[in-house]
Each structure stands twice: as C-alpha cells, then as structure tokens.
Amino acid sequence: MDDSYYMGLALVEARQAYDLGEVPIGAVLVIDQQVVASAHNMREIWHDATAHAEVIAIREACKVLSRWRLTGATLYVTIEPCPMCAGAIVMSRIDRLVYGSPDYKAGAVESLFNVVQNPALNHRLEVTSGVRADECTAIMKDFFRQRRK
C-alpha cells in the first residue's frame, strides 16, 4: 500500500461528503500502514465551523489510540489544509502530511502559508503534495459547478 492507495480512501470520504452536500474533502490517518481514523467534512450538518475532515480524523485517532500525540502518523487529505487544520496537524505531532490538490484561497501548507514547516513552531513535518491531484481537483470543481446551477 502506498500514498496513492491511502489517497484513494480519502477520496472515498470526499465522495461521502459530496453526497451529503458538504464540501468534498476527505482525510485518512494512518500509522504503521493501518488506517486509524477517517473522516470527511461535516460543517453544514453539524453546524460546526471546526468540523473539517482533518480535525475530525485527528479527534477520532486520539480517541482510538487514547493519546493526543500522533507521532508516527501520516495524514492523507484530498485538499491542502487550511490554517486551522494545519495548526491541528502540528499540535497533534503528526509526522507526515500527504495531500492531493492545493487550495489557493485558504491553503496553509504551501499555497498561502506554510504552518506545518514553520521554524518558529516546535514541530515540523514532512509534506508530499500532488498525490492523485487530478481526482482531488475534479471532485471539488464538480461540487462547486453543481452548486452554482
């Protein structure tokens, strides 16, 4: 199993969000090649501004593992995390982030800011971007195209 495989699982989560009318972003947290948590956006349904896929997956993983430090984890996300999610990723000590497409309006990994590798913070992580980017971009474009109709 490789980055493409796990991003495929994150895309499944994104499609679930799409079907619910949520912005289609999915996240999967993996430790030692085992999926510990997976989630998709739930902001609209939960009426919760913090219910982003990344935050939900981090919360779930912390519960499953009974710890807040997620060292050894890789988080797969279909779209570049926003500042809130990037901060949560750093604070939870995730070692690696893999995301599909950039977010030029709110991305806080490479597009607008680089929170996850900021030398002023006490934790930095490895980043891999562009994994299955075309699919990650396509689901977002289709979602917003449908909403504009």
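Buried means under 20% relative accessible area, exposed means over 50%, and partly exposed lies in between (1.4 Å probe, protein chains only). The views show a predicted model, in which local features need pLDDT of at least 70 and side-chain atom pairs count only at pLDDT 80 or more, while totals for chains, interfaces and linings use all residues. Residues are numbered from 1 along each chain as its sequence is written, and side-chain values use heavy atoms, with hydrogens and water left out.

**View 1. Aspartate 142 and arginine 145 form a salt bridge within helix H5.** A salt bridge is a side-chain nitrogen of Lys or Arg within 4 Å of a carboxyl oxygen of Asp or Glu. The closest N and O atoms of aspartate 142 and arginine 145 are 3.5 Å apart. The partners sit 3 residues apart, about one turn of the helix. Arginine 145 is partly exposed because its relative accessibility is 42%. Aspartate 142, at 27%, is also partly exposed. Helices (H or I, at least four residues) and strands (E, at least two) are DSSP runs, numbered from the N terminus.

**View 2. Arginine 96 and glutamate 126 join two strands.** Their side chains meet in a salt bridge of 3.3 Å, N to O. This pair links distant parts of the chain: arginine 96 is in strand E4 (residues 96–101) and glutamate 126 in strand E5 (residues 126–129), 30 residues apart. Arginine 96 is buried, at 16% relative accessibility. Glutamate 126 is partly exposed, at 46%. Asp3 joins Arg96 and Glu126 in a network of salt bridges. The count for the structure is 4 salt bridges.

**View 3. Arginine 132 and glutamate 135 pair up.** Their salt bridge spans 2.8 Å, N to O. Arginine 132 is partly exposed at 28% relative accessible area. Glutamate 135 is partly exposed at 33%.

**View 4. The largest pocket holds about 540 Å³ of space.** On a 1 Å grid over the protein atoms alone, a pocket is an open set of points with protein on both sides within 12 Å along at least five of seven lines; a cavity is a set where a 1.4 Å probe fits but cannot get out; lining residues have an atom within 4 Å of a point. Grid points are joined across faces, edges and corners, and a volume is the space filled by probe spheres set on the points. The pocket has 22 lining residues, of which Ile25, Ile79, Asp103, Met140 and Phe144 lie nearest its centre. Helix H5 (residues 133–148) gives the largest share of the lining, 6 residues.

**View 5. One enclosed space appears in the cavity search.** The search finds 1 cavity of 30 Å³ or more. The largest cavity has a volume of about 30 Å³. Its lining includes Gly21, Asn41 and Arg147.

**View 6. Two residues other than glycine have positive phi.** Aspartate 32 has a phi of about 50 degrees. Aspartate 32 lies in the loop between strand E1 (26–31) and strand E2 (34–40), and is exposed at 68% relative accessibility. Serine 66 has a phi near 55 degrees. Serine 66 lies in the loop between helix H3 (53–65) and strand E3 (73–79), and is exposed at 66%.

**View 7. The structure has 0 disulfides.** A disulfide is a pair of cysteine sulfur atoms within 2.5 Å. The sulfur of cysteine 62 is 14 Å from the closest cysteine sulfur, in cysteine 85, so the two are too far apart for a bond.
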